[in-house]
Amino acid sequence: MSPFARWLEKENGAVFIDRYSAGLQSPSEIDMKLLSDLGGGGLTHAFALGSPGDRLGILFFGGKADGSPLTDYDRELAAGMVRIAEIAIRNALEYQKGEREIRKSEEFARVRREVVLGNAEEIRTPLSVMKSSLWSLDPDDAGTGLLVGMARDAMKRMESKLEQLLSICEIDG
């Protein structure tokens with residue numbers, strides 16, 4: 001946190017920026033540049049956004065056009081603008097957070113789909129080999145008919161489950 005931000009943290013409400021420079025014993029080059037840039041841009045006041053420990057930034061604004069000091073009403077108006085700015089910034093941060101979560105979720109779904117499709121294809125090849133082997137067996141050999149029938153039924157169920165899995169991946173992606 002910059003020395004200016006630390007100073008502003010201690011202040012309450014809209015602060016005339018020149019008060020910062022008046023309180024400096026020996027202003028650094030950075031402080032002098034900051035004050036010069038702010039003054040050159042017509043900015044004369046600052047208001048900290050957020051609460052201590054949860055600073056969102058600083059709202060800089062110019063004073064009155066006639067150079068007169070801010071009234072209590074002006075300070076209330078500035079405080080209202082600060083509250084609106086804080087809400088807008090927090091909403092933007094929450095929106096960004098939501099966008100990041102959506103991107104992570106989409107990436108997870110993409111990776112999951114790739115893994116499932118890859119594994120389904122890896123399973124399909126040995127399943128085809130086993131199916132061909134089962135169909136080449138003669139179910140009438142020495143009482144193996146029941147076992148071959150059970151194996152064929154299990155193979156059909158596995159193929160059906162594999163096709164369902166691939167269909168779900170197609171729908172997801």
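Let's start with glycine 80, which is buried, with a relative accessible area of 18%. Buried here means under 20%, so that value makes the cut. This glycine sits in helix α4, which covers residues 72–136. Keep in mind as you look around that the model is predicted. If you hunt for proline 27, you'll find it 53 residues from glycine 80 along the chain, and the C-alpha atoms of the two are separated by 32 Å.

Now go to helix α3, residues 29–40. How far apart should its ends be? At 1.5 Å a residue, its 12 residues should span 16 Å, and the end C-alpha atoms are indeed 16 Å apart, so expectation and model agree. Next, look at which way its residues point. Asp31, Leu35 and Leu38 are the buried ones to find in α3. Viewed down the helix axis, the buried residues fall within an arc of 70°, which means they line one face of the helix. Turn to the face pointing away from that buried side and you'll meet the exposed residues Glu29, Ile30, Lys33 and Gly40. And what do the buried residues of α3 pack against? Their partners are α1 (3–10), α2 (18–22) and β3 (54–61). Just after α3 comes glycine 42, with a positive phi of about 80°.

From there, move on to the strands. Strand β2 takes in residues 45–51, and 6 of its 7 residues are buried, so the rest of the structure largely encloses it. On one hand, β2 pairs with strand β1 (residues 15–16): the two run antiparallel and are joined by 2 bridges. Here you can spot phenylalanine 16 standing opposite histidine 45 of β2. On the other hand, β2 also pairs with β3, again in the antiparallel sense, over 7 bridges. In this pairing, leucine 49 stands opposite glycine 57 in β3. β2 and β3 form a hairpin with 2 residues between the strands, and in that hairpin glycine 53 takes a positive phi near 85°.

Last stop: the charged side chains. How many salt bridges does a search of the whole structure find? It turns up 10. One of them joins the side chains of arginine 19 and glutamate 11, at 2.6 Å from N to O. Arginine 19 is partly exposed, with a relative accessible area of 44%, and glutamate 11 is partly exposed too, at 23%.

Another salt bridge brings together the side chains of aspartate 54 and arginine 90, at 2.8 Å from N to O. Aspartate 54 belongs to strand β3 and arginine 90 to helix α4, so this pair ties together parts that are 36 residues apart in sequence. Aspartate 54 counts as partly exposed at 35% relative accessibility, and arginine 90 counts as partly exposed at 32%.

You can also look for the salt bridge between the side chains of glutamate 159 and lysine 131, at 3.2 Å from N to O. This pair links distant parts of the chain, with glutamate 159 in helix α5 (residues 145–172) and lysine 131 in helix α4, 28 residues apart. Glutamate 159 is partly exposed at 23% relative accessibility, and lysine 131 is partly exposed with a relative accessible area of 31%. Finally, check out Glu107, Arg110 and Glu114, which are linked in a network of salt bridges.

Notes. Residues numbered from 1 in each chain as written. Heavy atoms only, no water. Helix = DSSP H or I, 4+ residues; strand = E, 2+ residues; numbered from the N terminus. Expected span 1.5 Å × (residues − 1). Buried < 20%, exposed > 50% of the residue type's maximum accessible area, 1.4 Å probe, protein only. Arc of directions from axis to C-beta. Contact = heavy atoms within 4.5 Å. Pairing = 2+ DSSP bridges. Salt bridge = Lys/Arg side-chain N within 4 Å of Asp/Glu carboxyl O.
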